[in-house]
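I opened my notebook beside the viewer today. Here is what I looked up, in the order I went through it.

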Amino acid sequence: MGRSTIPPALLELANPSSPEAQVRALRNLKNEIVGHEQRKELAVVHGVVRPLAGLLRTETRKGGKRRRGGGVANGSGREREEERETVVEWTGEDELRFQATLVVGSLANGGPAFITPLLAGDVLPPLLEALSPNESPSKLLVTTLRTLNQIVDAVAQEKPFWDSSSLLSLSVTHQIYTKPVVESLAEVLAQTSRSRTVYQQISSAAQLITKTCQEEGQKKMLLDAGVLDLLTAKMAAIAALDDPSRRPDSRHGHTEALPRSYLPEILEAISAIIKDSHYNTARFVYSQHIQSLFAWPKGASGTYEGYTGPQASSWDKLIPRLQTLQSKSDPYTKSWPALGSFASSAGEGGSYTRLPSMETLQPSSSRNIISDESETPLFTWLMFAARRGEGRERLAACWLLALLKKFGERWSLSDPSKPTRERHFSYLVIPLVVKMIEEANPNTRYMEKIHMLDPADREEMRFVLERSPLVLAELIASNKTLQSAAVDAKILPVLIQILKKSFDPITTSTKPLWQPRSSAPAVRDPMIDAASSTLGRPGLGVDIVHAYKYRESALLALAAIADSQDGFRKLIIEMGGAPLIIDSLVPFTSDSQSAGANSMTAKDGNPEAVLIAACKVTRSLSRSVSVLRTSLIDHGIAQPVFDLLTHPKVKVQVAATEVITNLVLEVSPMRTEIIEAGALETLCEHCRSANFDLRYGSLWALKHLCLGLPPQMRKKCLDTLEVGWLKQVLNGEPSSKAASSAPLGMGTPNAAGEQVDILNAVDDPHMDVDEEPSSSEDEDTMTDSIPSLRRHQRPGSRYTSATNIRDRLQQIKSDEHDTSLSNERDDIRIQEQALDFVRNFITEEKASGDMIDHLLNEFNRTEFFELLDSKLRPKNAAASSTTTSQTAPSTGTSAPSYWSPSSSRLSPFSTTHPQPAPQPNWAAYPATDLIIATLYILVHLANGRPSHRSLLISQTPLMAHILPLLSHPRRDVRLPCAWFINNLVWEEDSSDAGPTRERALQLRNLGFEEGARGLGRDIDLDVRERAKTAVEQLGKLLGAGVGAGGVGYGSPGHFGEGSGLGGLRGLGGAHRGSWARE
Amino acid sequence: MSSSTVSVSVPTPTQQHPFQRKIDEIKPSKPDIDFLVMDYLISHGYPRTAAKFAKEAGVPTHLIEEESIEARVEIRHAIHKGDIDTAINQINDLDPQILDRNPALHFALLRLQLIELIRNCTSVPTSDITPAINFASSQLAPRAATNESFLKDLELTMTLLIFLPSNDLQPQLAELLKPELRQQVAAKVNEAILTSTGARGEARIYSLYRARQWSEIRAREAGKDLPASLPLGLEPSLVQANGHGEAGDVMVQ
């Protein structure tokens, strides 16, 4: 067999003499090409693809018919089915297809270059057609699935190209995600025979789903075809074997469960489908299989105590009770001695009055901080699976846990309290993942031997390295306690090392193969189809793809750690993270792609995913003013980020914009540099992008940019942005107008705050002004920023009966899929930015009022006030209160109970049932965030010249609509009201005394004096103090005569110029903190 | 094998060690033991024995899939016989990925084949050695250029051409002609096939055995009260198995 048999084999395939000869030819061909890249190329160039596709196609048809006929004859019952699979004779055609499929698989192993001709030769459709278990023999089905996986694997090595339309991956996934194919996959998964071949089919199908399922539409198809449900059933069957309440003798019994070695594939496929979709997650969590196995939720009572019942707690036996962790021998106690993170979180958890166990919590004796609360059984089992398994299985379980945790933060079911969950995660899950990252660290000596390992092990190690930091990132996202837990486990230096390693030049293990003969340029046979006999572009080396992947995950993990705590940001910088991050911000350019695959190293720029991850870390880091002012500027972060603003991929643009948002803040030393580079123009241009995220992010950045800019620049900014555009945004999209009449209660503050996607909330650029003394305001906004805090106390979160579950699913579905809802939400978010932009536009160091004049001139005064007014008055009176309690709890009813920890003391207007009280129907109002943003514009307008104050007071309808807001349940609304009154009665100088008195009188007539008194009794200290000053000033102005005005001015105890303005500026700062946090 | 050295030591003292009593108290479940045995039989390719055992022990038989076990047995047999061409053919029929993605294994097989070719063409003094050279240049040489150790292996193998036939080979070269080399490669192939079908590469008993070794070492390090020796009862049979091959050799790796 020394000589190549390719040409004769091809000859036979092109001119078949007999089926037997064809099979023989195919087998020879396969043996020739396996393991020999050169011969694969030769075969393709000689035109093997067309005849292969032809064979697959014709035989698919024949085979299909035959088997369908046979299926009717003996296809009854599972036993028969099993029998049929093995008994049905293996025909010559089957063998032919089988061999052809194997040859395709071997060609695909050659990498992306081979996929191009395979796709051009239409090899994929017949392969996909062969996926139905009813039509293909079992053995062929396994092979087909395996070949498809090989094709998908090869595609994954594709180089990132600018022109995404030509991407192979698109064309492959496009062909896979069609109704018949997905249905066939469902059929494959639905098989229950206990044979290894079927197991392999299921596992390969699950892998195929994991590798390809990324987009929303694909997930939906899989969901609709019942794939998620089937996978869930498989998982539940495996889990059932671990059920402690099961009788032990049935362990080897007649169960349909797959062997446990297939668990990772199943978990990964489930995770792929539920990721980024709360609705899909809900479908998983509420599915029949999960419900019945994990007895969740329990019974119809739906009481909180329900789930500590005997059956649920039997699952608890699977993981250590955290109380017992204090035994000396336990390694966890040693590595987590202080319980510090828990204690700190217990403080936060103080607001969880719904949990009886939390009230009995005694923070003083940390050894006894024990709540008897258990995790939900599903979580318990997954934690158990993570602790028991290793490698892939462990990661898969942790990954699913992370996704479910995120879901629980948004749509809490019978989840335990936040501290309990944090405790479980930080003691039982985080250490596992941290350890995996440490072991996967490519710098350790163990990893140097990686080339000695056999391929399966090497693949697994690579997978662990690529995946474990990502899992960590997802687990600790927006949770300070867990972030601290990860850092306490000393993961930061490891992550930095890993990141550093990813830049090591990759020794090209792909030395060119030696060729026995000098290769003469092959003489092309004109008869051979050119498209299917020309190799495509070579892909990236496996090592390079690997380096990119783990670089991305390490960056994401760093971003998650640096998310909210300044100390960690500094640590990352101290450990030398900054230069690595800068290197990660360099895009892959067209120059680097022209270089051949062999000369390519991981240092030649980064693909999209890495750029986005690098932007995320940069953004996290830039939240720290001190890091921003020192390390980031030292390393010249501005330029690379600015360059990414104009990256061809919009996702990268969005990520870069979010960084720029933090870099153009007034406190940032890079501000000038970025402005000079032309950021203003670019951002204004992006405000008109078709992509919402880019529009939104750019406007946000402009808002920051605008603050403190010299008036000339500001005016230029407004001009470039165009007043007309701003008006349009402020007026809202027409679609939302229509939607707003639907009284879904979504126009309420919690709706605006509760974004569909928690990831977005995390993504929101926010800036912690860390020099700000932490005021009560700060703390409050912090609570706002943790979605779960609000969500936990959402009334009616116990969904127990089947009907309730259906309602719940419906609610989650409409929240996620209803486009008018999400449009409205988007609209509110961007309006808020626009309002804030206006506010920052008119904010001045010296309240000269010039900017206000400019704005009023540009805007048309009447129109402007009408616009502001529209944000402060109830929407169409038709918006009734009847439905608000159904879909989502209206703010009016529930806000007091969960916005403010001290709600019980909020007596005057926070009665839990607002119906009896003559309260306005807050649900009919625009989103509270819009009210607040608008009020702050008014505060700043009132801070202008005296004439502006008079102008404001003369806006009777506007003023009339502000009055009821004084008794708004949220202090965030009442506070600017107090400031507003305060500023209105401010006396500029002695010549202003008369007009000020005039204004005070008008205010009294409008009812604001009474209102201010009300605020003076507010439960909130800030509001109260502010209102007291106002009341005092009003009293002075109205009580004494005109002459007394001077006295008022002369006693600046509470309200001197300095305190007034300074206070206001302080307020601006504080509020900036809040808007930045979102 | 480290434990066998331990096991040869003095028999346990007459008075029973508390640890031994503990051991006696534990009753391993029969289904578990049966399962282990089945697992061993299947992964080592004894389909008929497995079927009989299953019948006797009443173990569910669904795991025995004659076809795949049979295939593995045939492949192993072919390698042991030195019929590498057939072996490669059959491996590729199972799953071409096994060799496509594991160049080292593929190379090892091809080298075995080369050794056979050399053995054949040097057995008769007058015969032609071109088939061996052709084979080496077309099948092995392209791969060898990519990897240092491949190249060394190939060079070493080619020197056989010079020395054979000979009764006095250097030990290094003599290694190449021993059946152990075939057995080693066959074991690797068996493992690779098992892994590719989603099964564990080795029988579970091995990992149990290693776990036991490990825990004994750890326990002794920690100064736990253990009997001086903890014989497994496996050792003598192990030695035997090593003598004639198949079962034992995997153990020795």
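In which helix is the place of Lys220(A)? I found Lys220(A) in helix H13 (residues 216–224) of chain A; helices here are DSSP runs of H or I with at least four residues, strands are runs of E with at least two, and both are numbered from the N terminus.

**Ground rules**

I am working with a predicted model, where local features need pLDDT of at least 70, side-chain atom pairs count only at pLDDT 80 or more, and totals for chains, interfaces and linings use all residues. Residues are numbered from 1 along each chain as its sequence is written, chains are lettered from A and ligands numbered from 1 in the order in which they are written, and side-chain values use heavy atoms, with hydrogens and water left out.

**Lys220(A), continued**

I looked up the accessibility of Lys220(A) next: at 46% relative accessibility it counts as partly exposed. For this term, buried means under 20% relative accessible area, exposed over 50%, and partly exposed in between, with a 1.4 Å probe and protein chains only. I also checked a partner along the chain: Ile273(A) is 53 residues away from Lys220(A), and their C-alpha atoms are separated by 8.3 Å.

**Chain A as a whole**

I noted 61 helices and 0 strands for chain A. Of its 1078 residues, 58% are buried. I then turned to contacts (heavy atoms within 4.5 Å). Among those in chain A between residues at least 6 apart in sequence, 81% join residues at least 24 apart. The surface that chain A exposes is about 41500 Å², with 54% of it supplied by carbon and sulfur atoms; areas come from the Shrake-Rupley method with a 1.4 Å probe, and for residues only the protein chains shown count as cover.

**Helix H57(A)**

How far apart are the end C-alpha atoms of H57(A)? I get 20 Å, which agrees with the 20 Å that its 14 residues should span at 1.5 Å a residue; the expected span is 1.5 Å times one less than the number of residues.

Which residues of H57(A) are buried? My list reads Ala993(A), Thr996(A), Arg999(A), Ala1000(A) and Leu1003(A). Seen down the helix axis, the buried residues of H57(A) fall within an arc of 120°, so they line one face of the helix. The arc is taken from the directions from the helix axis to the C-beta atoms. I followed that face to its neighbours in chain A: the buried residues of H57(A) pack against helix H54 (946–953), helix H55 (956–962), helix H56 (971–984), helix H58 (1008–1016) and helix H59 (1021–1039).

Gln1002(A) also sits in H57, which covers residues 993–1006 of chain A. I have Gln1002(A) down as partly exposed, with a relative accessible area of 31%. Its C-alpha atom is separated by 7.4 Å from that of Ile953(A), 49 residues apart along the chain. After H57(A) comes Gly1007(A), whose phi is positive, near 95°.

**Two loop residues with positive phi**

I looked for positive phi in residues other than glycine, and Asp276(A) came up with a value near 60°. Asp276(A) lies in the loop between helix H15 (263–274) and helix H16 (278–285) of chain A, and it is partly exposed at 41% relative accessibility.

Glu722(A) is another non-glycine with a positive phi, about 75°. I placed Glu722(A) in the loop between helix H40 (711–721) and helix H41 (723–731) of chain A. With a relative accessible area of 43%, Glu722(A) is partly exposed.

**Chain B**

I counted 15 helices and 0 strands in chain B, and 41% of its 253 residues are buried. Residues 24 or more positions apart account for 58% of the chain B contacts with a separation of 6 or more. The accessible surface of chain B is about 13900 Å², and 59% of that belongs to carbon and sulfur atoms.

I looked up one record as well: an unreviewed UniProt entry carries the annotation "domain: CTLH" over residues 68–125 of chain B. Such annotations are given in the numbering used here with feature names shortened, and may be inferred rather than shown by experiment. Over residues 68–125 the chain is 86% helix and 0% strand, with the end C-alpha atoms 42 Å apart.

**Confidence**

Where in chain B is confidence lowest, and where highest? The lowest mean, 39, belongs to helix H15 (residues 246–252) of chain B, and the highest, 87, to helix H6 (residues 84–94) of chain B. The score is pLDDT, the predictor's confidence in each residue, from 0 to 100. Chain B has a mean pLDDT of 76, and 81% of its residues reach 70 or more.

I marked residues 1–11 of chain B, where pLDDT stays under 50 and the model has 13 contacts beyond four places in sequence. Residues 237–253 of chain B also stay under 50, with 21 such contacts. For the complex, I copied down the predictor's ipTM of 0.75 and pTM of 0.76.
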